[in-house]
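Take a moment to turn the model around on your screen before reading on. Then let us walk through it together, step by step.

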Amino acid sequence: MFERFTTELREVVIGSQLVAADEGAPHIDPLHLLTSLARRTGVLTALGCPADELADDLRRIRRRGGMSDADVEALSGFGIDVEHIVERVEQTHGPGALAGGQRAGRGHRPFTPEAKKMVERSFREAVDVGGKRIESEHLLLALTAVPGVAADVLAQRGIDYLAVRRLLEQRAAS
């Protein structure tokens, strides 16, 4: 399947490994894919989402152990201050303690089952639109289609499956 990836998408996947390595994460998850997609393509910018802002949001979410802003808001309704909890955990266990497990070297990192699902779904999305190559937009479609933190973060920015699908159709028409 990797041979059907465009050069840009290959760079995104390889970049997700670097994002995970920089964070010391033992594996690559959908947020690593999304961070790399934001840094290495213009597809999110074309949808009105500045890459730097998104990267900052994703870093904050990872620091909280994967809790989205919606999760934090829901917990605050019960009187739970997530930021305070994160700070206390970091005081005891060090910065980024909830972000990614043990610090690892730059070696191979496997994809989580969720990240694998995203890559497989991007293949199906490419086939559905009649594409011969799998592009970054197909990965973004997968990230918006599968429920999870990545889809939630994108939805908060007005990027959903239909918006990405429209972008693909516009690009195909031009």
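The paragraphs below go from the whole chain to a few single residues, and then to a pocket.

First, a word on what you are looking at: this is a predicted model. Follow the chain from its start and you will meet 10 helices and 0 strands. Written as a pattern along the sequence, that gives α-α-α-α-α-α-α-α-α-α. How compact is the chain, judged by its radius of gyration? The value is 17 Å, close to the 16 Å that the globule rule gives for 174 residues, so the chain is as compact as a globular protein of that length. Along its principal axes, the C-alpha trace spans about 55 × 40 × 25 Å.

Next, think about inside and outside. Buried residues make up 41% of the 174 residues in the chain. The chain exposes about 9,200 Å² of surface, and carbon and sulfur atoms supply 53% of that area. Contacts tell us about the fold as well: among those with a separation of 6 or more, 66% join residues that are 24 or more positions apart.

Now let us visit some single residues, starting with R62 in helix α4, which covers residues 51-63. Is R62 buried or exposed? Its relative accessible area is 5%, and buried means under 20%, so R62 counts as buried. Setting aside residues up to four places away in sequence, R62 touches V19, E23, L31, H32, T35, L98 and A99. You can also look from R62 to G96: the two are 34 residues apart in sequence, and their C-alpha atoms are 8.1 Å apart in space.

One of the residues that R62 touches is E23, so let your eye move there next. E23 belongs to helix α1, residues 7-23. With 23% relative accessibility, E23 counts as partly exposed. For a view across the model, find G131 too: it is 108 residues from E23 along the chain, and the C-alpha atoms of the two are separated by 34 Å.

Helix α8, residues 136-145, holds another glutamate, E137. Here the relative accessibility is 4%, so E137 counts as buried. Which residues does E137 contact, leaving aside neighbours within four places in sequence? They are V43, V164, L168 and R171.

Helix α10, residues 161-173, is where you will find A172. The relative accessible area of A172 is 63%, which means that A172 is exposed. A172 and V129 are 43 residues apart along the chain, and 9.9 Å separates their C-alpha atoms.

Finally, let us look at empty space. Rolling a probe the size of a water molecule over the atoms shows where such space is left. The largest pocket in this model has a volume of about 280 Å³. Of the 21 residues that line it, the closest to its centre are D29, P30, L31, E114 and V149. You have met L31 already, as one of the residues that R62 touches. Which helices each supply at least two residues of the lining? They are α2 (30-40), α7 (113-128) and α9 (149-156). Sorted by character, the lining residues of this pocket divide into 11 nonpolar, 6 polar and 4 charged.

Technical notes: Residues numbered from 1 in each chain as written. Predicted model: local features only at pLDDT ≥ 70, side-chain atom pairs only at ≥ 80, totals over all residues. Heavy atoms only, no water. 1 Å grid on protein atoms, 1.4 Å probe; cavity = no way out; pocket = protein on both sides within 12 Å on 5 of 7 lines; lining within 4 Å. Points joined across faces, edges and corners; volume = space filled by probe spheres on them. Helix = DSSP H or I, 4+ residues; strand = E, 2+ residues; numbered from the N terminus. Nonpolar A, V, L, I, M, F, W, Y, C, P; charged D, E, K, R; others polar. Rg over C-alpha atoms; globule rule 2.2 N^0.38 Å. Buried < 20%, exposed > 50% of the residue type's maximum accessible area, 1.4 Å probe, protein only. Contact = heavy atoms within 4.5 Å. Areas by Shrake-Rupley, 256 points an atom, 1.4 Å probe, with all protein chains shown as cover.
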